Amino acid sequence: MATSAYWAWDRDGRPWKVARPIKAIGDRLRRYGYTVYYLGSDDTSHLQAARPLDHCPFSATGWPVPHPYPYVNAMDIMPPPAGSGLPSLQALGAQMLADKKAGHPGMAWLKYQNWEPVRDNGGPCYQDSFKPNHVQTASTDRGHIHQSGRTDLVAYAGADDYDPVARVRAPRTESAPTTEGEDDMGRQMMVADATGTVWLVDGLTRVPVADPAGAGNGQAHAESYLGNLGNGGQVGRFGTPPTAMDVWGIDVGGRLAAIEARIVAAEAADTARDTATLAAIRALTAGGTSVDTAAVINRINEVAATESTTVAALRADIATLRQRLAAAAQAEATSLTQP
Ligand SMILES: [Zn+2]
């Protein structure tokens with residue numbers, strides 16, 4: 001049943017404005033392409049609820065001071081559109097929560113966050129509350145990130161420049177487990193798997209570490225740039241591995257193919273540039289000029305010829321590497337079939 005506060009607000013002409021830090025961040029997320037809701041729906045789940053929460057301009061749950069009418073002091077951040085390349089709600093929620101815990105001024109206004117750290121509409125769902133100490137409890141508020149603000153910070157300017165998407169995308173400086181310590185050096189080796197794919201590996205086996213925050217820990221990052229070969233027989237080549245240990249490596253053939261593709265693209269770009277330059281010089285000549293255009297054209301052709309030779313040499317090198325890889329894979333397969 002709607003509260004008297006709801007009817008008073010209705011008689012008042014339904015005014016509302018969003019708390020400054022929430023609007024600063026929410027509007028920024030909208031510009032990126034997220035859908036963000038501020039004012040609650042006009043039904044018994046929000047505005048007409050018996051206990052109006054922070055999506056209501058007349059919330060009954062203000063903290064640490066009574067709710068300042070007619071502020072809306074909450075937002076719902078919906079999942080990014082598929083294929084947008086935007087950080088998931090898991091990455092975004094983890095970043096904002098980590099910033100809150102670390103005392104980042106951009107998140108000082110947060111009262112609590114409801115979110116799902118593993119996936120949308122699945123896995124655990126939490127309320128991480130700061131009133132003022134951090135307490136995590138189970139929540140059923142799924143499918144989005146809900147954030148509520150402190151009532152004493154509705155005019156707070158400290159989040160005006162806070163950009164959680166940029167912070168998620170910023171390069172991480174912490175080192176991954178694969179590159180930590182002194183013991184990782186000098187163990188690179190090539191191995192072929194059952195399909196003939198040749199991998200450059202460091203010979204280390206690792207127990208995959210769970211990533212409950214869904215934000216990607218050091219191991220998840222290492223796995224994404226190295227590739228995980230799993231432990232299906234592959235690990236056996238490094239001795240008998242403990243159960244559930246994985247080995248990671250680089251698909252060498254795949255990397256070579258990527259380099260080749262870049263050479264082809266660079267070559268095409270060079271040709272296009274030379275053609276344009278030559279056309280420009282010929283146009284100048286046609287218009288009459290004192291520049292020695294013949295010398296310039298000769299020099300361009302010379303450089304182009306040198307570049308072609310370099311590219312041809314690079315391609316030959318790659319072809320040789322491919323042959324060696326194939327031979328290595330063959331030898332590997334043979335040695336595996338011998339008793
Ligand atoms: Zn909400």
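Two residues are in contact here if their C-beta atoms, placed from the backbone, lie within 7 Å. The exercises below concern a predicted model.

**Exercise 1. Determine what covers the buried residues of helix H2, and how the helix lies on the sheet.**

Solution. Begin with the helix itself: H2 spans residues 20–32, and its 13 residues reach 18 Å from the first C-alpha to the last, which is close to the 18 Å expected at 1.5 Å a residue. Next, list its buried residues, taking a residue as buried if 20 or more other C-beta atoms lie within 10 Å of its own; by that criterion they are Pro21, Ile22, Ala24, Ile25, Gly26 and Leu29. To read such a list, recall that an α-helix has 3.6 residues a turn, so residues three or four places apart point the same way. Then look for the partners of these residues: the cover includes strand E1 (17–18), E2, E4, E8 and helix H4 (164–169). Finally, place the helix on the sheet, where H2 lies across E2, E4 and strand E8 (145–149) and runs at about 20° to E4. Just after the helix comes Gly33, whose phi is positive, near 125°.

**Exercise 2. Work out the strand order of the sheet and identify its edge strands.**

Solution. The open sheet consists of six strands in the order E2-E4-E8-E5-E6-E7, with antiparallel pairing. Its edges are strand E2 (36–37) and strand E7 (134–138), each of which pairs on one side only. At the E2 edge, the partner is strand E4 (residues 74–77), joined to E2 in the antiparallel sense over two bridges, and in this pair Tyr37 stands opposite Asp76 of E4.

**Exercise 3. Trace the pairing from E5 through E6 to E7, and find the helix that lies across these strands.**

Solution. Start with E5 and E6, which run antiparallel and are joined by four bridges; here Trp115 stands opposite Tyr126 in E6. Continue to E6 and E7, whose antiparallel pairing extends over five bridges, with Asp128 opposite Gln136 in E7. The connection between E6 and E7 is a hairpin with three residues between the strands. Last, find the helix: H3 (residues 89–101) lies across E4, strand E5 (110–115), strand E6 (126–130), E7 and E8, and runs at about 155° to E5.

**Exercise 4. Set these elements within the whole protein chain.**

Solution. Count the secondary structure, which comes to seven helices and 12 strands. Then consider burial, since buried residues make up 24% of the 339 residues in the chain. Finally, take the contacts between residues at least 6 apart in sequence, of which 63% join residues at least 24 apart.

Notes. Residues numbered from 1 in each chain as written. Predicted model: local features only at pLDDT ≥ 70, side-chain atom pairs only at ≥ 80, totals over all residues. Pairing = 2+ DSSP bridges. Axes fitted to C-alpha atoms, helices over the stretch in contact; angles between N-to-C directions. Buried ≥ 20, exposed ≤ 12 C-beta atoms within 10 Å, placed from the backbone. Expected span 1.5 Å × (residues − 1).
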